[in-house]
Amino acid sequence: MKKYNKVVLAYSGGLDTSIIIPWLKENYGCEVIAVCGNVGQADELEGLEEKAIKTGASKLYVADIVDEFVEDYIFPTIQAGAIYEGKYLLGTSFARPIIGKKLVEIAKKEGADAICHGCTGKGNDQVRFEMAVKTFAPNLDIIAPWRTWDIKSREDEIEYAEARNIPLKINRETNYSKDKNIWHLSHEGLDLEFPENEPNYEKILELSKTLENAPDKATYITLTFEKGKAVALDGKEMKPAELLEALNEIGGENAIGIIDMVENRLVGMKSRGVYETPGGTILYKAHKDLEELCLDKETSHYKEQIALKFADLVYNGQWYTPLREALTEFVNKTQETVTGEVKLKLYKGNIVNAGMTSPYSLYSEEYATFGEDGVYDQGDSAGFINLFGLPTVVRAKMQEKLKKEGK
């Protein structure tokens, strides 16, 4: 193996990265600097420095990037309306690019020879991390142990950890693969690897209540948006991260945002996971509802096509690309009038629109009313239909002619 003097490790304190520290030292003889990107994983940061040092790291950086994550990655994705395969709100996907960027910053500061991550060779995150590294340090070496070591499973990892007295917060029965940040919590592995199994929500949910345990009374909230970004909850102005945390509490209490899906990974295989995204699901719903009021038909329909491509780019780790940047510029233009208030009713996993207003509303009661109006001449529609249906009429006459000729 190539020898390195100093390696920066993307460190979470989970199973993978916990054993990678001693593995790097044993196999490369290098100093290991652990770097954790604080993207809102809260309690997972407790005791992290002590654990990293005891496991063999020379130091731990905890980079506080929560605000940047929410404002510059999450909110632009909401504005785009990007949802992967109709379900996944991209919780892990858009966290990796910003963490990758921070890894490079610290690697340059420390004079590191390489960056290491604990992503498996079967997953999407290896691509997302490495695309970020290639963007900001194209010549920096990348170490991916899962692509080279003899460990083949999470059970092997646990044995490796136990042999070296590395403390773990999991055991073989709770060995789900998880990813947590301020936006979501994902669950994969164990019984979830079999699509025929119903998830044991009582066992796995951490951010949300189950449908059965959610309140029997609906909760009403009002969100205020300015140019497509949520700025206030129930009239109280909040910073983006603060607002998201408040919505996580409210949404989790009402069992909002629990998704069970089989998705198509970038590397070709399908994988099954359960996602908890309580606050994010509320924000997507409210934003989409307000756009219905404020965007014209052509822009709205075209933006739906953009949303699909935007979601693919984020999912595939292509955040730092010219196309993603260009699509964001388009989206920003569409959001100039997405300002107003949206009232929502939350009840046992459901989000129901309970009214909305906007100074830029394109809904006109004067035109849309079923009552009497003085602005719309219903007789105009006859000429419109004649022109709109002209191609249909011409084709139908052609078919009649051919039928008469026996063709």
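## Leu192, a buried loop residue

Let's start with Leu192. With a relative accessibility of 1%, Leu192 counts as buried, because the cut-off for that word is under 20%. You'll find Leu192 in the loop that joins β7 (185–188) to α7 (201–204). Keep in mind that this is a predicted model.

What does Leu192 touch, once residues up to four places away in sequence are not counted? The list is Tyr176, His187, Pro199, Arg272 and Val274. For a sense of distance, try Val393: it sits 201 residues from Leu192 along the chain, and 55 Å separate their C-alpha atoms.

## Two domains and what lies between them

The domain assignment splits off domain 1 (6–163) and domain 2 (177–295 + 337–357). So how far apart are the C-alpha centres of domain 1 and domain 2? They lie 25 Å apart. The two domains also touch: 34 residues of domain 1 are in contact with 34 residues of domain 2.

Now for the nonpolar cores. The largest has 75 residues, and the ones with the most contacts inside it are Phe69, Ile74, Leu90, Trp183, Leu223, Ile282 and Leu283. Helix α3 (residues 66–80) gives the most to this core, 8 residues in total. Where does the core sit relative to the domains? Both domain 1 and domain 2 give residues to it, so the core lies between them. In soluble globular proteins, nonpolar side chains tend to be buried together.

Take Leu283 as an example. Leaving out neighbours within four places in sequence, Leu283 has contacts with Phe75, Ile78, Trp183, Leu223, Phe225, Ala230, Leu243, Leu244 and Leu247. Apart from this core there is another one, of 27 residues, with Leu9, Val32, Ala52 and Ile166 among them.

## Helix α1 and its bend

Helix α1 (residues 15–28) has 14 residues. From first C-alpha to last, α1 reaches 20 Å, close to the 20 Å expected at 1.5 Å a residue. Still, α1 has a bend of about 30° at Ile21, and a proline, Pro22, follows within four residues. Right after the helix comes Gly29, with a positive phi of about 60°.

How many of the residues of α1 are buried? The count is 11 of 14, so you can call the helix mostly covered, given that buried means under 20% relative accessible area. Those buried residues include Leu15, the run of isoleucines Ile19, Ile20 and Ile21, and Trp23. The cover over them comes from several places, including β1 (6–10), β2 (31–38), α2 (48–55), β4 (114–116), β5 (141–143) and α6 (154–163).

## Helix α4, another enclosed helix

Helix α4 (residues 95–110) has 16 residues and reaches 23 Å between its first and last C-alpha, close to the 22 Å expected at 1.5 Å a residue. Because 12 of those 16 residues are buried, α4 is largely enclosed by the rest of the structure.

Which residues of α4 are the buried ones? Among them are Ala95, Pro97, Ile98, Ile99, Leu103 and Val104, but Arg96, Lys101 and Glu110 are on the list as well. After α4 comes Gly111, and its phi is positive, near 70°.

## The annotated binding site

An unreviewed UniProt entry carries a "binding site" annotation that covers Tyr88, Ser93, Asn124, Arg128, Ser177, Ser186, Glu263 and Tyr275. Let's look at two of these positions.

Asn124 is in the loop between β4 and α5 (125–136). Is Asn124 buried or exposed? At 7% relative accessibility, Asn124 counts as buried. Its contacts, leaving aside neighbours within four places in sequence, are Glu263, Arg265, Leu266, Val267 and Tyr315.

Tyr275 belongs to strand β12 (residues 270–276), and with a relative accessible area of 5%, Tyr275 is buried too. With neighbours within four places in sequence left aside, the contacts of Tyr275 include Tyr88, Ser186 and Glu263, and those three are also covered by the annotation. Met261 is another residue that Tyr275 contacts.

## Met261, next door to Tyr275

Met261 is in strand β11 (residues 258–264). At a relative accessible area of 3%, Met261 is buried. Besides Tyr275, the contacts of Met261 include Tyr84, Glu85, Lys87, Tyr88, Ser271, Arg272 and Gly273, not counting neighbours within four places in sequence.

How far is Met261 from Val274 in space, C-alpha to C-alpha? The distance is 6.5 Å, with their positions 13 residues apart in sequence.

Notes:
Residues numbered from 1 in each chain as written. Predicted model: local features only at pLDDT ≥ 70, side-chain atom pairs only at ≥ 80, totals over all residues. Heavy atoms only, no water. Helix = DSSP H or I, 4+ residues; strand = E, 2+ residues; numbered from the N terminus. Expected span 1.5 Å × (residues − 1). Bend = angle between axes of the 7 residues up to and from the residue. Buried < 20%, exposed > 50% of the residue type's maximum accessible area, 1.4 Å probe, protein only. Contact = heavy atoms within 4.5 Å. UniProt positions renumbered as here; feature names shortened; annotations may be inferred. Core = buried A, V, L, I, M, F, W, Y, C linked by side-chain atoms within 4.5 Å. Domains from an automatic or database assignment.
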